[in-house]
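Hi,

Here is the structure I promised to pass on. Have a look at it, and then read my notes below.

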Amino acid sequence: MKATFPHLLHLDVALGFLYSSLGIDVVYPPPITKKTIDIGVKLAPQNACFPLKVTLGNFIESIEKGADTLFMAGGVGPCRFGYYAQIQRIILEDLGYQVRFVLLDHPRYGWIPFLQALRAMSGRVLSPLRLKRTVSLAWKILRFTEDLEAQRRALRCRVVDKDLLDNVIDGAIDRLRSVSSEAEFERIKREAEEAINALELHEAQKLLRVGIVGEVYVAQEKRINFNVEKLLGDLGVYVHNSVSTVEYVLHTLPFTKSKEKLEAWQMAKPYLRRFVGGEGIDSVGSTIRYAKQGFDGVVHLYPFTCMPEIVAKSVLTRVKEDFNLPILHLAIDEHSGEAGLITRVEAFVDVLERRKMNSKEKVEVW
Amino acid sequence: MKKVGLPRGLLFYRFYFLWKTFLEELGFEVVVSPPTNKEVVHWGLTNSVDEICFPVKVFLGHVFSLIDRVDFLFLPRMVSFHKNEYNCPKILGLPDIVRNLFRYPDENLLDSEVNMRDRGVRGWLQGYLEIGRKLGKSERETMRALSLAEEKHRSFREQVRSGLLPEVLIDGKKPFPSFPEKVLLLGHPYLVSDSYINMNLVQKLADLGFSVFTSEMLPEKDIRKALKLVPKISFWTISNEILGTALHFIRNRGEGVQGLIHLVSFECGPDSLVGEVIERVLKREREELPYLRLEIDEHTGEAGVVTRLEAFVDMIRWRRREVESNFSSPFAS
């Protein structure tokens, strides 16, 4: 069995470690490129959401590299994600690929397939203790990659040498790919933290602060969203992203509760009272949280035609007014152009700067 | 008498008789927005965010037309009316969309949650009881109104099953003529039943000599039986009905169905995936069955629809001739 899985930012680092430790041969999906997107767009239904197309592209590129087993997650709706695997399977079948789909679907669709998938994804039987250690280290790796990205976002606006920042963080992520033990992981972590702390920073000053909300895939995957975070950071904006894979997994698992998400849901309540699938309610809640924390603006990222996010967008029109908070909505799909996106982000930052200046002037007059 | 507004859109075409009877039995005057027209669409377009699908925009136009004329807006949050299934996220969030876009006061919005996903009939009852409470009615009064309403609903569903379209029953329109040749018209009831949105599609087909058969005309048990053929059914009730009906007719052509039209609104999330399943199954199993996917939004031109319909009908007739010409004729050899 040569297994593969779709990309989600640095998920491949953690999953690659997990599966190979469990004795499963892993075929890493090639990085998302224009080719990946082209393959997905050509084969997937035209009006399907963009992540379905990109992940389909991942699958096909991995199959061509020799993968014969695909790991995928399912779901129970109402967002379309839970039905991706069904569509992708039928497309791959029609193309004549002989691959095995291991679908980890909600036990609602039957405990037997759920347990079978879990078993296939956990490889050779290990002792429970070793299994626990492996999973927990994989989880730590995932958390750390996200932590590194958070640091990159927060520091980009202040660091003197931006290339050095990228080198430090990309280097650390690269080294994580070859981790084999807990001690090694701790060493990489410590060294990365030291390198980050050693970076030279500009004097702290009043910076613009922008929060990112939206659908989990598009708001995170920078190879899809034209690296909006970098764009903002280069313009001197402090960026915070409310979306993370760790949070996503935590909230999806029925027995865990993440405090931040629950808090965001509570904040969304006056505007959106009910879960509408995907990250719809999180987008609203996180926007309100950013507003309350005094952020200058919010960038809302989602795939074009994403149903939960369109509900969120409708609701956000009022949040925008009530909190006097500028929101830039960016719907991403295969037709999105980089130049247009850059122009819009730059214009947005201009607006934020002007607002900040005006508010200062007002204070001075009175 | 206090007035309750019922916007003519989305699930209206499914639950009109239920909702109307329920509210009237509780002692309210029901005000229904006028059939969709240019003005309603215009209001919808100006009052909604641009990316939302056309049927929701139209619905918001209907809401706008009612807002100043009624004391309450009836907008139950129809999360689910089938076990283990959902409606589309936009329907789930509809009351919030209306509340925020129109700044509609909370106390006048009847938006109790009707959710049969986990609790089945109890979820259904709970929703309506809550509406009753909000309107100041006792549990007994509400239950009585609901059971009368459900009776009306059942007889409406039976009439639809016998071949009458909802808009005929709701507005008392003249029924469309019935022809032996039929087209399977798949699509959400708000597209199939709103002849302004679908540009008089049913009438146009009738002019070409075809009647339509819709998923609401197929018994529920046939739909569910056909759905067993896919490894995992979707989690959207109406899309499942569409998928089940399509599969049923792909496997056993019946009712004189000559071809398939799938009416979808551009940006419809569920249909973008379910439609793909239908197309691929069709291609695998009955490639000869004529199929037309008609995508509709506010920019769709009527002339284009007519052209495509005519081509579709030509295709049906041409394919049939081709099949017939393959029989050995007495003059051959």
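Which residues are linked with A:Glu149 in a network of salt bridges? They are A:Arg152, A:Arg156, A:Asp166, A:Asp170, A:Lys222, A:Lys230 and A:Asp234. (A salt bridge here is a side-chain nitrogen of Lys or Arg within 4 Å of a carboxyl oxygen of Asp or Glu.)

Before going on, some ground rules: this is a predicted model, where local features need pLDDT of at least 70 and side-chain atom pairs count only at pLDDT 80 or more, while totals for chains, interfaces and linings use all residues. Residues are numbered from 1 along each chain as its sequence is written, chains are lettered from A in the order in which they are written, and side-chain values use heavy atoms, leaving out hydrogens and water.

Back to the network. A:Glu149 pairs with A:Arg152, with 2.8 Å between the closest N and O atoms. Both sit in helix H6 of chain A, three residues apart (helices are DSSP runs of H or I, at least four residues, numbered from the N terminus). Both are also buried, meaning under 20% relative accessible area with a 1.4 Å probe, protein chains only; exposed is over 50%, and partly exposed is in between.

A:Arg156 bridges to A:Asp166 at 3.0 Å between the closest N and O atoms. That pair ties helix H6 to helix H7 (residues 162-176) of chain A, and both partners are buried.

There's one across chains too: B:Arg284 meets A:Asp94 at 2.7 Å, N to O. B:Arg284 is in helix H13 of chain B and A:Asp94 in helix H4 of chain A, so this bridge joins two chains. B:Arg284 is partly exposed at 42%, and A:Asp94 is partly exposed at 36%.

Cheers
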